[in-house]
Amino acid sequence: MNYAKVTDFNSTSCAELSAGGYTALIAPEIGSNCIRLRDNKNAIEFFRFNPDNPAEVIKNSPEVWGLPTLYLPNRFSDGKLKTSDAVYQLPVNEKNHYNNHIHGFLNKRKFEISDMGSDDKKAFVTTTYLYDENDEFFKYLPVKFRAEYTFTLTEEGMEQIIRFTNLSDKVMPVSLGSHTSMKAPFADGGDPADIRLCVPAVKRCELNERCLPTMRLLDLTEWDMEYKNGTKQAVLQNLDNDMYTAGRQMLDGREFHGFTATDIKTGKQVCCEVSDEYKFWCVWNDRGENGYFCPEPMTAMIDAPNLSLPADVSGYCEIRPQETYEAKQHFFSRIVSIAE
């Protein structure tokens, strides 16, 4: 029977959803992070999750557990953020030679549950956060907005809809991403060495020693083609900020805008399809030895508002006052046949 309820996970309040053979835990108090998504029928654990984790462990490093949504994702050179009507100075929280602002603030905020329910087809929860002068980050980015995330479970998996509404009289910069922390192995009893990742790369975005774009888009090398061909070993080797413009792969005879990861021994596969707002992928796996990998969809290039590139190349956009921006992701799993 499908359900949506409030529950406790190791001393933090969560929304627990169950529908269509999937179960999810969403933690409003930790940036509305989906800290767990499980396919019960096929014994697949999507995200990096530890049932014994104290909630404080996730709160202290929310970027590397579950499905954290980042606003603003990745790096901004020297903390600068230029919009069409202002220049903002964000705190430099990545020191040493990087000297960047990294990952924004929203994944650490306490959201509120604004709606929740279930029926014979689905279970869902909506969480909201009002960003205004009461937020300590507002002194750096004084642009009031409302964030609203809706998670819906059905037999087709989990859909996440993200909405940002600009409540200020200034433009709101938009760069959005998920630091999608996929468990390795995701199949119960699987071997991490058997995971192959497919990311539909088109061009490599060259980065400099500060992990900022040089603004050169490069042809794919043999290393890069492993992503496109679906032969990239997801862990046990270092994947370090491999960034690409996003294309499409084929899935069941149709174009698919997303990534897939396959256990080549069992045929168990996890899939993430994203809306057209996501124009880039950045892949990182924390040196490859820590039991997870992150194929991160991003709506804009690293440092996008500061680059001298047209918006249709960098992906950067702005929300006018009182307008709403929306982006979607869809996670599901299946079993595919493995060629001998």
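Two strands are said to pair if DSSP finds at least two bridges between them. In this predicted model, strand β3 (residues 22-27) and strand β4 (residues 33-39) meet that condition, as 6 bridges join them and the two run antiparallel. One position is easy to find in the viewer: A27 stands opposite N33 in β4.

These two strands belong to an open sheet of 5 strands, whose order is β1-β2-β3-β4-β5 and whose pairing is antiparallel. At its edges stand β1 (3-9) and β5 (44-45); each has a single partner strand, so one side of each is left without a neighbour in the sheet.

A second open sheet can be followed in a similar way. Its 9 strands take the order β11-β12-β13-β14-β30-β26-β25-β18-β21, again with antiparallel pairing. Here the edge strands are β11 (112-118) and β21 (232-233), each of which pairs on one side only. Helix α2 (residues 222-229) packs on this sheet, where it touches β18 (195-198) and β21, and the direction of the helix makes about 95° with that of β18. Elsewhere in the sheet, strand β26 (residues 268-274) is joined to strand β30 (residues 324-335) by 7 bridges, and these two strands run antiparallel. Within this pair, E273 has H330 of β30 as its bridge partner.

Taken as a whole, the protein chain has 3 helices and 30 strands. The C-alpha trace spans about 55 × 50 × 35 Å along its principal axes. Is the radius of gyration of the chain in agreement or in disagreement with that of a compact globule? For 340 residues such a globule would have a value near 20 Å, and the protein chain has 19 Å, which agrees. Buried residues make up 57% of the 340 residues. Of the contacts between residues at least 6 apart in sequence, 64% join residues at least 24 apart. The chain exposes about 14100 Å², and carbon and sulfur atoms supply 46% of that area.

Finally, the cysteines deserve a look. A disulfide is a covalent bond between the sulfur atoms of two cysteines. The structure holds 0 disulfides. C14 is in no disulfide, and the nearest cysteine sulfur, that of C34, is 9.6 Å away. C14 is also buried, with a relative accessible area of 0%. Why does C317 not bond to C205, the residue with the closest cysteine sulfur? The sulfur of C317 is 17 Å from that of C205, which is too far for a bond. C317 counts as partly exposed, at 26% relative accessibility.

Methods: Residues are numbered from 1 along each chain as its sequence is written. This is a predicted model: local features need pLDDT of at least 70, side-chain atom pairs count only at pLDDT 80 or more; totals for chains, interfaces and linings use all residues. Side-chain values use heavy atoms; hydrogens and water are left out. A disulfide is a pair of cysteine sulfur atoms within 2.5 Å. Buried means under 20% relative accessible area, exposed over 50%, partly exposed in between (1.4 Å probe, protein chains only). Helices (H or I, at least four residues) and strands (E, at least two) are DSSP runs, numbered from the N terminus. The radius of gyration is taken over C-alpha atoms; the globule rule is 2.2 Å times the number of residues to the power 0.38. Contact means heavy atoms within 4.5 Å. Accessible areas come from the Shrake-Rupley method with a 1.4 Å probe; for residues, only the protein chains shown count as cover. Axes are lines fitted to C-alpha atoms, for helices over the stretch in contact, and angles run from 0 to 180 degrees between N-to-C directions.
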